[in-house]
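User: I would like to go through this model with you and ask, for each label, what justifies it. Please set the values against the cut-offs as you answer.

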Amino acid sequence: MTIVYALVSRQKTVLAEHTTASVTGNFPTVTRVLLAKIPPSDGRMIYNYDDYVFHYVVENGICFLCMSDENRHRVPFALLQEIKELFTHKYGLEVPQRAIAFSLNEGFSRILQDRMEYYNSAGANVDSLSSVKNQIESVKDNMVQNIEQVLERGEKIELLVDKTDRLNQQAFIFERSGRELKRAMWWRNARWAAFLVVAGGFAIFFVAGLVCGFDFHRCKAH
C-alpha cells in the first residue's frame, strides 16, 4: 500500500498539502470536491474514488486527509493521527482558524512528505504497531472503567457510612430526648402527687373544722 497524497485544510481552504512525486493524477481537483462534502464536525470517514481510497479525520474544524492506493485503513489513520498531533503542536488551535490558503504549506509540507515516506516504507510494521497500540488503548480504557467502578463503589460505601452515622446520631438524640421526657414526666407526676397530698390534707382539715370547729373545741368537749 502507498499513501500518495495528504493535506491539512479548514473546510475547503487547504492550508498545506503534499503529493508523492512518482504518482500523477488530478488528486488535488478531486480532493477539493471531496472537501466541500466533508462536514466540519469532529469525526472520521473513508471515501472510495476509482482505485484510490480517501481517509480523513476532522478535529476542531481542521481536516487531516490522505489518499492511498489500497483499501486498508490502519496505516492511513495512523498517519493522520500523527499528522494531527504534529500540526497541533506546531500551530496550536488558533492559528489554523485564521490562516489563509496555503499559508502553512511552506512550514508543514515537508513534514507531510517525511511522514508519508515513513509510513510508506514502514508499511506492515506500522500496521502491526497500530494493532498493538489499539490493544493497549483497549486495556487502558478497561482499566479506567474498572477504576471508575471502584471509585463509584467507594462513593456508595461512603454514602452508606454517612447514612449509618446519621442514623446513629438520630438514635442518640432520640434516646437522650426519651430520657429527658421520662425525667420531665417523673417531675410532673411528683408535683401532682405533692399537690394531691396538700389538697387532701387541707380537705381533711376543712371537714374536721366543720365537725369539731376550727379550734377543735367541740371534739375536746367529748
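User: How do you know that Glu 17 is buried or exposed?

Analyst: This is a predicted model, and every value is computed from it. Glu 17 has a relative accessible area of 17%, and buried means under 20%, so Glu 17 is called buried.

User: What makes the contact of Arg 32 and Glu 17 a salt bridge?

Analyst: The side chains of Arg 32 and Glu 17 meet at 3.4 Å, N to O, and the cut-off asks for a side-chain nitrogen of Lys or Arg within 4 Å of a carboxyl oxygen of Asp or Glu, so the pair qualifies. The two residues belong to distant parts of the chain, with Arg 32 in helix 1 (residues 27–37) and Glu 17 in strand 2 (residues 13–19), 15 residues apart. Arg 32, with a relative accessible area of 28%, is partly exposed.

User: Why is the pair of Arg 72 and Glu 70 called a salt bridge?

Analyst: The closest N and O atoms of Arg 72 and Glu 70 are 3.9 Å apart, and the limit is within 4 Å, so this pair also counts as a salt bridge. Arg 72 has 35% relative accessibility and Glu 70 has a relative accessible area of 33%; buried would require under 20% and exposed over 50%, so both are labelled partly exposed. By this rule the count comes to five salt bridges.

User: What does the salt bridge of Arg 115 and Glu 82 tie together?

Analyst: The closest N and O atoms of Arg 115 and Glu 82 are 2.9 Å apart. Arg 115 lies in helix 4 (residues 105–122) and Glu 82 in helix 2 (residues 74–91), so the salt bridge ties together parts that are 33 residues apart in sequence. Salt bridges that share partners also join Glu 82, Asp 114 and Arg 115 into one network. Both Arg 115 and Glu 82 are buried.

User: Which residues have the most contacts inside the largest nonpolar core, and which elements supply it?

Analyst: The largest nonpolar core has 23 residues, and those with the most contacts inside it are Val 8, Phe 87 and Phe 108. Strand 1 (3–10), strand 2, strand 5 (62–68), helix 2 and helix 4 each supply at least two residues of this core, and the largest share, eight residues, comes from helix 2. Leaving aside neighbours within four places in sequence, the contacts of Phe 87 include Val 8, Leu 15, Ile 62, Phe 64 and Phe 108. A second, separate core of 16 residues includes Val 4, Tyr 5, Val 58 and Cys 63. In soluble globular proteins, nonpolar side chains tend to be buried together.

User: How do you know that Leu 210 is buried or exposed, and what patch does Leu 210 help to make?

Analyst: Leu 210 has a relative accessible area of 51%, and exposed means over 50%, so Leu 210 is called exposed. Leu 210 lies in helix 5 (residues 124–212), and together with Phe 202, Phe 206, Val 207 and Val 211, Leu 210 makes a nonpolar surface patch of about 510 Å².

User: How many helices and strands are there, and what share of the chain counts as buried?

Analyst: There are six helices and five strands in the chain, and of the 222 residues, 28% count as buried. The chain exposes about 15,200 Å², of which carbon and sulfur atoms supply 59%.

Notes
Residues are numbered from 1 along each chain as its sequence is written. This is a predicted model: local features need pLDDT of at least 70, side-chain atom pairs count only at pLDDT 80 or more; totals for chains, interfaces and linings use all residues. Side-chain values use heavy atoms; hydrogens and water are left out. Patches are made of residues with over 30% relative accessible area and no salt bridge: like charges are joined within 9 Å, nonpolar side chains (Val, Leu, Ile, Met, Phe, Trp, Tyr) within 5 Å. Accessible areas come from the Shrake-Rupley method with a 1.4 Å probe; for residues, only the protein chains shown count as cover. Helices (H or I, at least four residues) and strands (E, at least two) are DSSP runs, numbered from the N terminus. Buried means under 20% relative accessible area, exposed over 50%, partly exposed in between (1.4 Å probe, protein chains only). A nonpolar core is a set of buried Ala, Val, Leu, Ile, Met, Phe, Trp, Tyr and Cys residues joined through side-chain atoms within 4.5 Å. Contact means heavy atoms within 4.5 Å.
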